[in-house]
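Please work through the following exercises with the sequence and the model at hand. Each task is followed by a solution in steps.

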Amino acid sequence: MTSPIGSRQTRAGSHSGSPRAGFTLIELILVMALLVIVLGYAGPSLSRFFRGRNLASEAQRFLALARYGQSRAVSEGVPIVLWIDAEQGSYGLKAQTGYAEEDTRAIDCTLDSELRIEVPVFLQTVQTNLWTMAPLLRGGQPLICFLPDGYLSEPSPDSILIHQTRDNETVWIGASENRTRYEIRTNQLFQARR
């Protein structure tokens, strides 16, 4: 005798006791409860991760603005100033006063409330000529001046610090050895270049 081909469903057209596929409401509630528990444990480490990303992205934004300022100085043939206001938690880019009536491409950036920016000031003697002169202060803060030849002016600071107040982490941004750009310093020991 041969066995019948197919299942009971196809032969009889009914489900004849086989359970329906799907989830019950209780199963869905249990899965949601497990997700809440897992997120409860992972939440604090995820928040630290995103705060750390905030600091890193702000440092990258500062470097991008510095590179843009340097390329503007070279392409337009005028000194471009990157100003930093540590008290207000802001920085920006504009053409040096006296070279343009109004800088329509000026950029202003504001730090997140958890971040601070600082420019360490070291006592140093700077010998300069009129070409490398840059305004020293804007509201009590040093300025970074990109010259039309692509270099930083001599009075431009050697380093900029961006602090995250909650986790007490710091990113060091320093001028390169040949003073053509700024870069993120990976070592934690900060030393004056001069």
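The exercises below concern a predicted model and proceed from the whole chain to one sheet.

**Exercise 1. Determine how many helices and strands the protein chain has, and in which pattern they follow one another.**

Solution. Step one is the count: the protein chain holds two helices and nine strands. Step two is the reading along the sequence, which gives α-α-β-β-β-β-β-β-β-β-β.

**Exercise 2. Describe the burial, the exposed surface and the contacts of the protein chain.**

Solution. Begin with burial, for which a residue must have under 20% relative accessible area. Of the 194 residues in the protein chain, 35% are buried. Turn next to the surface: about 13000 Å² is exposed, and 58% of this area comes from carbon and sulfur atoms. Finally, consider the contacts with a separation of 6 or more; residues 24 or more positions apart account for 53% of them.

**Exercise 3. Establish in what order the four strands of the open sheet lie, and which are the edge strands.**

Solution. The order across the open sheet is E4-E7-E8-E9, with antiparallel pairing. The edge strands, each of which pairs on one side only, are E4 (115-118) and E9 (182-185). On average, and with direction ignored, neighbouring strands of this sheet are turned by 25 degrees against each other.

**Exercise 4. Examine how E4 and E7 pair, and identify the bridge partner of Glu118.**

Solution. Strand E7 comprises residues 159-164, and its antiparallel pairing with E4 extends over four bridges. For Glu118, the bridge partner in E7 is Leu161.

Terms used:
Residues numbered from 1 in each chain as written. Predicted model: local features only at pLDDT ≥ 70, side-chain atom pairs only at ≥ 80, totals over all residues. Heavy atoms only, no water. Pairing = 2+ DSSP bridges. Axes fitted to C-alpha atoms, helices over the stretch in contact; angles between N-to-C directions. Buried < 20%, exposed > 50% of the residue type's maximum accessible area, 1.4 Å probe, protein only. Contact = heavy atoms within 4.5 Å. Areas by Shrake-Rupley, 256 points an atom, 1.4 Å probe, with all protein chains shown as cover.
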